[in-house]
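Student: I am new to this structure. Can we go through it in short questions and answers?

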Amino acid sequence: MFSLLPLLTLIVPTFIAVLCLFTNPFWFLKPFFKRIEKESLMLGTGATLAIVLLMVPDVLAERTLETPILFLRLDQSNAAGMVAVAAIFLVVSVFNIHSEKGGRLSPSMYNFFVLLFEICMLGLLMAYDLFLILIFVELTIGVSIVLVAHAPIKLASESAFKYLILTAVSALFVLFAVLLVYILTGTSDITNIGREVNPLMESPRLMLLVVASFIIGLGADIGLVPFHGWAPDVFPASTPAVNGFFCAEPVAFILALYKLVYPFYAVYPSPIILGLMVGVGALSVLTGVVMAYSQTDSLRMMAYTSIEAFGQILLAFGLFTPLGFMAGQFYLVNGAFMKMGVLLSLGAVYHHTGTNDMEQLGGLVKVMRPVAVTYIFCALSVAGVPPLSGFFAKWLLYNTLNEVLLPYGLWASAAALIVLVSVSMVSGVYLVRSFQAIFLGPLGEKWKDVKDTPLALWLPAALVALLAVVLGLAPGLLLRLMGYP
Amino acid sequence: MELLVLLALLISVTATLAGSLSRSTKQTIQYMSLQAAAIGFVELMYVFINLVSGLHIEALVKFFAVFAEWFSAAAVSPLVIYWGMAKTEDFVDRPQMSAAGLAVFLAVLVLAHLGLEFLYSRYLPTQIEATFFISLMFTLSMFLMATRKDPFKILVGLNMAENALYPLLARSPINVMPFMLVLIVFVNVVAVFIVIEAYRDYQTLDLSRWRLTP
């Protein structure tokens, strides 16, 4: 169904972003903008969420909204991701009110880049043209690097450079794959790629080359093993609000990866494609959980926890079954929210203490009770403890694996269950241990003067904790938005 | 493959090799510019001949698109990096290979050429016959990026790897080109901004000393 709403979802934040940018060169506008900088960001993200929510009734009625002139489409395959991305940006922009204290970018430039980042995420989710996806991927790289470099600490520039080089090289693989597809098929529309006979469809090896390039290219942007080198440096180097905004990135990138790889799997259902997706996923799960266990820096721990979660999501998507797609989407959206809850809680801790080193912290529950409560709820949901939403996500993932593995024998399904439960238990152990290290025990002398946490610093994470309970008890609320493409 | 195209590709490969081995940042930037100029020259001449012989609006648009792409790779991006170098220092170093660097280089080299072997064993469509040269230039650029401690040389390596894809990039739709060019320049500007900021913090362009400096 033709609709301008998908286009409007991009135009509204663009308009507000340009308005913010417009105030930058004019010195006489700066004092005025200083007074409304946080509100203008909330206006941009809030208006975007409102437009996304306007499209939800159509999605629930299983209608597809399309703006063909710009190759944008919203349906049940990306609606949950759109809502999640828009909601994450609004919630984090509330957190931003107290958390953002200024950095290398002026406030107007900061707002511009945050909104541009949101536009990239939404664009990536809706685009179905290869070149449009490529443009959003390249733009995301530039914008996210600027946001990392914004943090006024030494580590930021070094980490941003590392991030830039790794992701820019990976973007070359995406560029190579997109050009190969376009040159050999004559189309850049993903939905048309497999419809006609062309040199690409006649050569399984070229198709594998394209798929591998997409996995390397987008895998590095997501932070999948073995392309994850930037993640453990970028998390501690970024400001807490930027870490919150970054929670939206995997939602867009993993769904984009699925969107790019699936058409080739549909034409050529090779076990190699399956093996690439599942292999990278499994490697990420194992590396993530092992590395996270030994971290003493809370943000590095969360970086590896994220890598582990991305691995599990890729396991679900990489099986290319309808249940796998639903499980992957649910895990992806829920995981992004819960990770955001944990990161915002850690951001509130950093705001008061100025450190992420868990060995220096302790006893903060006495002075930061709401933050401690939200942290443990979100962390337990990340670990998959029932009845929180993370448990349902892991349960769906197990069902997906069971569906695929059961024909090979009960032992295969049981082995998958044992591995998944073991991974969840290890992540549960280190997340609870982090709670103990940060919030329990005696309160250090240094932290006795910590004042009450402002509402804006704990309310966003508290909403996420509430969501963990609601989605755990009624997962259908989110599942209704999802469908197999 | 036409002789002129082959010649241009050989010059580009030579410039990439020279760039990956040169010692000063300034020289590396110059070789990068030469690589981009050579690799885009043939396509530029084709569209120029089309423009002169046809004199129609479509040929004019195509000429401007290709010229912009060529100019951006051969002049704008090198100048952006050169500006960054001028703001900091012309770092002189030699390719240094640690065990990890050597492993990365060998892995890329082996993978790239296994990939080629893999493709050639059946057939390679004529549209992508320059893949061998692309792979070679990409590998040399990776070598440059893996063996240097100077962030500007690493950035030049990134641009050289991007330029290596030019034979394919030239076939992309005209309406996409302006966005691609703006994005490439944008990423370069952001990278130079970050390096200058890091140089202010650490007072050196030696990447190995960035985290060690208190």
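Student: In which loop of chain A does Phe320(A) lie?
Tutor: This is a predicted model. Look past α13, which covers residues 298-317. Phe320(A) lies in the loop between α13 and α14 of chain A.

Student: What is the phi of Phe320(A)?
Tutor: Phe320(A) is a residue other than glycine. Its phi is nevertheless positive. The value is near 55°.

Student: Where does Phe71(A) lie, and is it buried or exposed?
Tutor: Phe71(A) lies in the loop between β1 (65-67) and β2 (72-74) of chain A. Phe71(A) is not a glycine, yet has a positive phi of about 55°. It has 21 C-beta neighbours inside 10 Å, and 20 or more are needed, so Phe71(A) counts as buried.

Student: And how does Phe320(A) count by that rule?
Tutor: Phe320(A) has 19 other C-beta atoms within 10 Å. A buried residue needs 20 or more, and an exposed one has 12 or fewer. Therefore Phe320(A) counts as partly exposed.

Student: How many helices and strands does chain A have, and what is its radius of gyration?
Tutor: Chain A has 19 helices and 2 strands. For 485 residues the globule rule gives 23 Å, and chain A comes close to that, so it is as compact as a globular protein of that length. Its radius of gyration is 22 Å.

Student: What percentage of the residues in chain A is buried?
Tutor: Chain A has 485 residues. Their C-alpha atoms fill a box of roughly 70 × 60 × 45 Å along the principal axes. The buried share is 59%.

Student: Which helix gives the most residues to the largest nonpolar core?
Tutor: That core has 259 residues. Val85(A), Ile88(A), Val148(A), Ile254(A) and Cys378(A) touch the most other members. The helix that gives the most, with 21 residues, is α6 (residues 154-185) of chain A.

Student: Which residues does Val85(A) touch, leaving out those up to four places away in sequence?
Tutor: Val85(A) is one of the core residues that touch the most other members. Its partners include Met121(A), Leu122(A) and Leu125(A). The others are Ala248(A), Val251(A) and Ala252(A).

Student: How many residues of α6(A) are buried?
Tutor: α6(A) has 32 residues and reaches 47 Å from its first C-alpha to its last, close to the 46 Å expected. Just after α6(A), Gly186(A) takes a positive phi of about 80°. The helix is mostly covered, and its buried residues number 28.

Student: Which helix supplies the largest share of the side of chain A that touches chain B?
Tutor: In this contact, 31 residues of chain A meet 32 residues of chain B. α5 (130-149), α6 and α8 (204-222) of chain A each supply at least two residues of that side. The largest share, 17 residues, comes from α6(A).

Student: How many residues of that side of chain A are nonpolar?
Tutor: The side of chain A that touches chain B includes 5 charged residues. It also has 3 polar ones. The nonpolar residues number 23.

Student: How far apart are the end C-alpha atoms of α18 in chain A?
Tutor: α18 covers residues 455-473 of chain A. At 1.5 Å a residue, its 19 residues should span 27 Å. The computed distance agrees, at 26 Å.

Student: What covers the buried residues of α18(A)?
Tutor: Those buried residues include Leu457(A), Trp458(A), Val464(A) and Leu471(A). Among the elements covering them is α3 (79-99) of chain A. Others are α14 (322-353), α15 (369-383), α16 (389-405) and α19 (476-479).

Student: Which residue does a cis peptide bond join to Pro386(A)?
Tutor: The omega of this bond is about 5°. The partner is found in the loop between α15 and α16 of chain A. It is Pro387(A).

Student: What is the omega of the peptide bond from Val225(A) to Pro226(A)?
Tutor: Pro226(A) is found in the loop between α8 and α9 (231-237) of chain A. The bond from Val225(A) is cis. Its omega is near 10°.

Student: What is the radius of gyration of chain B?
Tutor: Chain B has 8 helices and 0 strands. With 214 residues, a compact globule would have a radius of gyration near 17 Å. Chain B agrees with that, at 18 Å.

Terms used: Residues numbered from 1 in each chain as written. Chains lettered and ligands numbered in written order. Predicted model: local features only at pLDDT ≥ 70, side-chain atom pairs only at ≥ 80, totals over all residues. Helix = DSSP H or I, 4+ residues; strand = E, 2+ residues; numbered from the N terminus. Rg over C-alpha atoms; globule rule 2.2 N^0.38 Å. Core = buried A, V, L, I, M, F, W, Y, C linked by C-beta atoms within 7 Å. Contact = placed C-beta atoms within 7 Å. Expected span 1.5 Å × (residues − 1). Nonpolar A, V, L, I, M, F, W, Y, C, P; charged D, E, K, R; others polar.
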